[in-house]
Amino acid sequence: MGLFDRLKNRLTRTRSALSDGIAGLFSGGRAMDDTLLAELEELLYTSDLGLLATEIVEDLSRRHRRGEVRGEDDVRASLRATLLDRLPAKEECGEITLDASPTVILVVGVNGSGKTTSIAKLAHRFHTQGRQVLVGACDTFRAAAADQLEIWADRSDVQIVRKDEGADPAAVAFEALETADVLGYDIVLLDTAGRLHTQKNLMDELKKIHRVLGKKKEGAPHEVWLVIDGTNGQNAIQQAKLFTAAVEVTGVIVAKLDGTAKGGAVFAITHELGLPVRYIGTGESLELLEPFDPEAFVDAVLATD
Ligand SMILES: Nc1nc2c(ncn2[C@@H]2O[C@H](COP(=O)(O)OP(=O)(O)O)[C@@H](O)[C@H]2O)c(=O)[nH]1
Ligand SMILES: [Mg+2]
């Protein structure tokens, strides 16, 4: 099954809200008028397109008056073009070449956003591609966090570096990088905590991990990926900004897009954070992580049938 079909099958709630919603508006051969456009705007809001919903409908309304947009097909084509236009180009999203050796990827985000699961999926993906992967359990806030990561790592036959609960997360990061260096690993994935006693503690801790890695190896971490809970829609953006202010985030993973009708938030997330989406999470199991492809994403959420 190709990427488009996989996305179509996994993003059913957003697709249903958007695509089936549009079909519903035009059902029974209903003509395009102001009432229909107002309903379309509401529908786009439901998919969490936010302000973009109003922009889209204003544009459609103008073009409808000029006779350029007449019915469902025109609306779909126009919506597709606008949504694609809002996303970065395909080359700027999705998978990147990880050519440092080892490439260190620090994964950050709020508690419960999907960090550990996404790391497990990434580890599985890179391992399947034949790369030597090491994961580091820098979430030492709770022992259960490292246990969870270890279970996933075992399942993918990937090595883990962990320490006791309460250990210095930066020390775990240091040791993971050192181990990877000595043993010749290709990729180091570092899991971090999403909650500490205070927000300031958390951000200071992430800065420290970042600093320690950079001292150990020039250029490390090579990537800092922020995991965003897709079910929070646009509400996740403010939280995300706390992280981008603290560490130099280089990309985003939007997790849990299978469980939400608010997939439209991806447009606001990329736009407001000015960051490329690297992957999206489309389910709980290991293989349900997809490199973000703007065209496949837009086509999947607008797919008919
Ligand atoms: N449906 C779905 N659930 C996910 C996805 N990613 C993570 N989860 C679930 O979200 C919850 C929190 O994930 P976890 O990785 O522990 O979050 P963390 O606190 O950021 O490490 C878990 O129950 C995961 O199974 C996804 O893409 N789809
Ligand atoms: Mg976790």
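The expected span of a helix is 1.5 Å times one less than its number of residues. In this predicted model, that rule can be tried on helix 7, which runs over residues 143–155. Helix 7 has 13 residues and stretches 19 Å from its first C-alpha to its last, close to the expected 18 Å.

Next comes the question of which way the side chains of this helix face. Ala-145, Ala-146, Leu-149, Trp-152 and Ala-153 are the buried residues of helix 7. Viewed down the helix axis, they fall within an arc of 125 degrees, so they line one face of the helix. A general rule helps here: an α-helix has 3.6 residues a turn, so residues three or four places apart point the same way. The face turned away from the buried side carries the exposed residues Ala-144, Ile-151, Asp-154 and Arg-155. On the buried side, the packing partners are helix 6 (115–128), strand 2 (133–137), strand 3 (159–161) and strand 4 (187–191). Just after the helix, Asp-157 takes a positive phi of about 60 degrees.

Ala-146 offers a closer look at this helix. Ala-146 counts as buried because 27 C-beta neighbours lie inside 10 Å. Leaving out residues up to four places away in sequence, Ala-146 touches Ala-137, Asp-139, Thr-140 and Arg-162. Thr-192 is 46 residues from Ala-146 along the chain, yet their C-alpha atoms are separated by 9.8 Å.

Helix 6, one of the packing partners of helix 7, also gives the most to the shell around ligand 1, with three residues. Of the 19 residues around this ligand, Gly-114, Lys-115, Thr-116, Thr-117 and Gly-281 come nearest. The shell divides into three nonpolar, 12 polar and four charged residues.

Note on methods
Residues numbered from 1 in each chain as written. Chains lettered and ligands numbered in written order. Predicted model: local features only at pLDDT ≥ 70, side-chain atom pairs only at ≥ 80, totals over all residues. Helix = DSSP H or I, 4+ residues; strand = E, 2+ residues; numbered from the N terminus. Buried ≥ 20, exposed ≤ 12 C-beta atoms within 10 Å, placed from the backbone. Arc of directions from axis to C-beta. Contact = placed C-beta atoms within 7 Å. Near = placed C-beta within 6 Å. Nonpolar A, V, L, I, M, F, W, Y, C, P; charged D, E, K, R; others polar.
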